[in-house]
Amino acid sequence: MASNITLTMIKPDAVAAGHSGKIIDMIIQAGFRVQAMKLTRLSTEKAQEFYAVHSARPFFGDLVKFMTEGPIIAAVLEKENAVEDFRKLIGATNPANAEEGTIRKAFATDIERNAVHGSDSNENAAIEASFHFAGVERF
Ligand code: GDP
């Protein structure tokens, strides 16, 4: 199968706690190649847009507040089977259910402050990569 991509964000909790370096190392050790990466901060409008699929959920307001509280690191990652393999590497949404050795098991606090994002489909990976990066920022 040809290499494909996924989009990750190291979320504000993990950036503020100083875990970015360890998380990026776990990602690279797992065989992902970085196509694009930047430190950035989501505005309220951009966070609402990114998580629009969850806009009817009771936690939407809290999620937007959390994702805008400080800088994030956004990155496009390339690997065979990138979306599925990255979801395995990050672990379950709720760290209480995340397997040993996953990023969320190591660094997440709770179901909301869960350290990292990973795209859930190839289609969404392409949309999310374009959300954060222009074509000239990807290598
Ligand atoms: P993901 O694909 O594993 O990130 O999970 P989802 O797409 O279901 O949810 C998006 C993000 O919303 C999660 O990563 C959490 O930060 C947050 N979230 C999900 N479920 C809950 C919840 O029940 N309560 C709260 N407060 N936040 C949640």
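The following dialogue concerns the ligand and the largest pocket in a predicted model.

Trainee: What makes Lys11 a polar contact of the ligand?

Mentor: An oxygen atom of the ligand is 2.9 Å from an N or O atom in the Lys11 side chain. The cut-off for a polar contact is 3.5 Å, so the pair qualifies.

Trainee: How do you know that His54 and Arg104 also make polar contacts with the ligand?

Mentor: For His54, a ligand oxygen lies 2.9 Å from a side-chain N or O atom. For Arg104 the corresponding distance is 3.1 Å. Both values are within 3.5 Å, and therefore both pairs count as polar contacts. As for cover, the ligand taken alone exposes 550 Å², of which the protein buries 80%.

Trainee: Why is Phe59 listed among the residues around the ligand?

Mentor: Phe59 belongs to that group, as do Tyr51, Leu63 and Asn114, among others. A residue is included because one of its heavy atoms lies within 4 Å of the ligand. By class, this shell has four nonpolar, three polar and four charged residues.

Trainee: Which space does the ligand take?

Mentor: The ligand takes the space of the largest pocket. About 690 Å³ of space lies in this pocket. It is lined by 24 residues, and those closest to its centre are Tyr51, Val53, His54, Leu63 and His117.

Trainee: Which element gives the largest share of the lining of the largest pocket?

Mentor: Helix H7 (122–132) is one of the elements that give two or more residues to the lining, and the largest share, four residues, comes from H7. By class, the lining has nine nonpolar, six polar and nine charged residues.

Conventions
Residues numbered from 1 in each chain as written. Predicted model: local features only at pLDDT ≥ 70, side-chain atom pairs only at ≥ 80, totals over all residues. Heavy atoms only, no water. Polar contact = N/O pair within 3.5 Å; in protein donor to acceptor, adjacent residues only side chain to side chain. Areas by Shrake-Rupley, 256 points an atom, 1.4 Å probe, with all protein chains shown as cover. 1 Å grid on protein atoms, 1.4 Å probe; cavity = no way out; pocket = protein on both sides within 12 Å on 5 of 7 lines; lining within 4 Å. Sits in = over half its atoms within 2 Å of the grid points. Nonpolar A, V, L, I, M, F, W, Y, C, P; charged D, E, K, R; others polar. Points joined across faces, edges and corners; volume = space filled by probe spheres on them.
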